[in-house]
Amino acid sequence: MARPKSTRDSVRRLGYVFTRLWPWIRDERSLLAASTVTLVAGVAMKLAEPWPLKFVLDRVLSGGAAGPPAAADPPPVVLVLGLAAAAVVVISGLRALLEYRQRIGFARIGNRVLRRLRFQIYSHLHGLSLRYHTEKRSGDLLVRVMRDVTLLRDVTSTALLPLLANVLILAGMLAIVFFLQWKLALLAVAVAPLIVVATARSGSGIHLAARRQRKNEGAMAATAAESIVSIREVKALSLESSFEDRFANRNERIQKEELKTVRLSAGLGRNVSILNSFAVAAVLWYGGWLVLGGQMSAGDLVVFLAYLKKAFKPARDFAQHSGRLAKATAAGERVMEVLDEQPEIHDLPGAQPAPRFAGAISLSDVSFSYGSDRPALRGVNLEIDPGQFVVLTGPSGGGKSTLISLLLRLHDPDAGTVRIDGQDVRAFTVASLRQSFAVVLQDTALFSGTVAENIALGSTDSAPESIEHAARLAEADEFIRRMPEGYATAVGERGSTLSLGQRQRIAIARAILRAAPLVLMDEPTNGLDERNKWAVTRALLRLPHRATTVLVTHDPEIAERADLVVYLEDGAIVEAGAPATLRSRGGRFARLFADPASGRVEEAR
Ligand code: ADP
């Protein structure tokens with residue numbers, strides 16, 4: 001009978017996940033070999049377990065009637081019984097020991113593979129483009145890193161290997177019972193096709209439910225992460241109930257799928273039990289006749305029945321494990337999906353570590369589009385000398401942030417070249433290139449840790465004096481000292497215990513300490529009140545003069561201090577020059593000056 005298509009599909013998927021995992025598992029080959037040997041030896045012990053009883057039945061209790069003619073001088077009964085009893089202890093003891101070793105061995109393999117796989121997916125996620133991260137929901141990615149990887153371990157240690165052991169046990173039992181009495185063996189295996197059909201039927205249902213469950217879990221985590229990360233907005237806009245409804249909906253679907261899996265698994269176990277009882281009954285009936293007819297010994301029949309009972313357990317286990325395997329397969333596919341995603345930005349072959357730059361920046365004919373038909377930058381040409389203070393300004397959506405992200409190689413241009421000190425930025429390794437920049441963004445995220453750690457983040461100098469010096473220049477020293485534990489105060493997650501102005505000044509202190517040859521700032525004074533704005537502005541003007549600084553701002557007073565002002569609109573440079581020149585020319589920049597609010601007005605367009 002043809003198996004349902006989805007079962008075949010599930011087997012193919014499991015095979016795929018396993019092949020993908022194989023390189024990691026292969027690295028553990030010595031442990032794998034040792035554990036497999038213990039597994040096989042354990043199976044042999046399991047097969048040997050009913051034999052002492054057979055021995056006692058045939059040699060002692062039935063007076064050797066069915067066995068070969070007794071030797072002239074039979075061993076004393078007490079010796080046979082003693083030997084059989086000792087064998088029971090030895091066989092069971094060995095089996096227990098081997099099972100213990102084998103479980104530990106496979107768990108160790110599973111855990112090692114898990115550890116490396118988890119690290120790989122985490123670091124791979126860091127390498128993936130911003131575009132990927134904006135498209136994917138962070139909660140879902142978190143579930144993949146944490147729970148899906150853990151579930152996947154089940155494939156290697158807790159489900160696939162017991163399954164392998166079960167197959168070995170079944171094969172061993174079949175061989176022995178056919179050897180003992182083939183007619184009776186045929187009768188016993190007559191129910192096997194029915195078991196296969198039952199398993200295939202439930203198996204496909206279990207797999208489908210497991211896949212849906214994993215998907216719903218990812219979506220539920222994404223919803224939770226979204227509202228928890230933006231809890232201020234959720235509260236302010238009173239969105240709690242709409243998020244709760246979405247969460248509850250997914251939660252309920254997960255529960256339904258879980259129940260379905262359990263019902264299918266339990267149903268399979270029940271069907272296998274019933275089929276097994278028919279097999280036992282048939283063997284008992286026909287085997288009894290064979291013993292009476294002298295065609296087999298009573299001991300053989302006992303071995304037969306013991307095996308049949310045991311054969312039932314692997315079949316039931318299979319039902320139980322197949323549910324877990326299905327979950328693990330679904331989880332594995334989600335993990336591999338992330339790993340298959342190619343980072344857009346990566347080191348080109350032959351990329352060199354960036355040297356200490358002098359700081360000249362040049363863009364020639366640079367165009368870039370985020371995929372929509374409207375390009376974010378169109379044929380931009382720009383030359384910046386080392387140490388220059390450059391202000392990028394213009395209406396919102398003009399392409400300022402895009403230009404900054406091209407310098408950092410968060411994206412590569414579709415056409416044209418971005419050069420630093422005359423060299424294409426793609427000639428350097430991505431990490432070393434980004435090391436050459438200090439960056440202050442609109443809303444600085446701090447990370448869990450102390451204030452001092454947050455300032456020292458990403459720089460090689462973490463001496464307390466240097467940190468405090470940087471903080472003084474950034475006008476952050478005073479408020480930091482007023483904090484309960486000064487520089488050792490722990491900041492809340494993402495710096496939520498500090499005001500925006502304080503976070504920006506910490507970011508500037510960070511940039512000062514980093515002493516990078518290139519400094520990029522994207523509207524660092526955005527959203528600040530006058531007092532904070534000036535504190536931040538004074539701080540950023542104190543940045544080391546040697547560094548080339550590119551600052552995005554709408555603030556004419558800051559722009560006035562620049563060496564070069566670049567006005568970007570619709571992805572193109574419409575004005576560029578010294579602020580005084582631009583002002584006297586009376587163009588767009590001059591308008592910004594005449595009415596400082598006009599930048600904002602234009603932005604709001
Ligand atoms: P600015 O910094 O001057 O406000 P941006 O560089 O952020 O401008 O944006 C330039 C253009 O690119 C805008 O039209 C904007 O809608 C678009 N854009 C910016 N970021 C993305 C993104 N991640 N995906 C798609 N389009 C984007």
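**Ligand shell and aromatic pairs**

At 43% relative accessibility, Y370 counts as partly exposed in this predicted model, because the value falls between the 20% limit for buried residues and the 50% limit for exposed ones. Y370 is also one of the residues around the ligand, a group that further includes R374, A376, P395 and the run of S396, G397, G398, G399, K400, S401 and T402. Sorted by class, this shell comprises three nonpolar, six polar and two charged residues.

Three side chains of the shell place a polar atom beside an oxygen atom of the ligand: the separation is 3.1 Å for R374, 2.9 Å for K400 and 2.6 Å for S401. Of the 560 Å² of accessible area that the ligand has on its own, the protein covers 61%.

Four aromatic pairs are present in the structure. In one of them, F357 and F428 meet edge-to-face, with 5.2 Å from centre to centre and 75° between the planes. This pair links distant parts of the chain, 71 residues apart, since F357 belongs to the loop between α11 (298–340) and β1 (361–368), whereas F428 belongs to the loop between β5 (423–424) and α13 (430–435). Both partners are buried, F357 at 5% relative accessibility and F428 with a relative accessible area of 3%.

The rings of F368 and Y370 have centres 5.0 Å apart and planes at 85°, so this pair is likewise edge-to-face. Here F368 is buried, with a relative accessible area of 2%, while Y370 is partly exposed. Elsewhere, R246 lies over the face of F243, at 4.8 Å from the ring centre.

Conventions. Residues are numbered from 1 along each chain as its sequence is written. This is a predicted model: local features need pLDDT of at least 70, side-chain atom pairs count only at pLDDT 80 or more; totals for chains, interfaces and linings use all residues. Side-chain values use heavy atoms; hydrogens and water are left out. A residue is near a molecule or strand if one of its heavy atoms lies within 4 Å of it. A polar contact is a pair of N or O atoms within 3.5 Å; within protein, one must be able to donate a hydrogen and the other to accept it, and residues adjacent in sequence count only if both atoms are side-chain atoms. Accessible areas come from the Shrake-Rupley method with a 1.4 Å probe; for residues, only the protein chains shown count as cover. Ala, Val, Leu, Ile, Met, Phe, Trp, Tyr, Cys and Pro count as nonpolar, Asp, Glu, Lys and Arg as charged, and the others, Gly among them, as polar. Rings of Phe, Tyr and Trp (its six-membered ring) pair if their centres lie within 6.5 Å; planes under 30 degrees apart count as stacked, over 60 as edge-to-face and the rest as tilted. Helices (H or I, at least four residues) and strands (E, at least two) are DSSP runs, numbered from the N terminus. Buried means under 20% relative accessible area, exposed over 50%, partly exposed in between (1.4 Å probe, protein chains only). A charge sits over a ring if NZ of Lys or CZ of Arg is within 6 Å of the ring centre and within 35 degrees of the ring normal.
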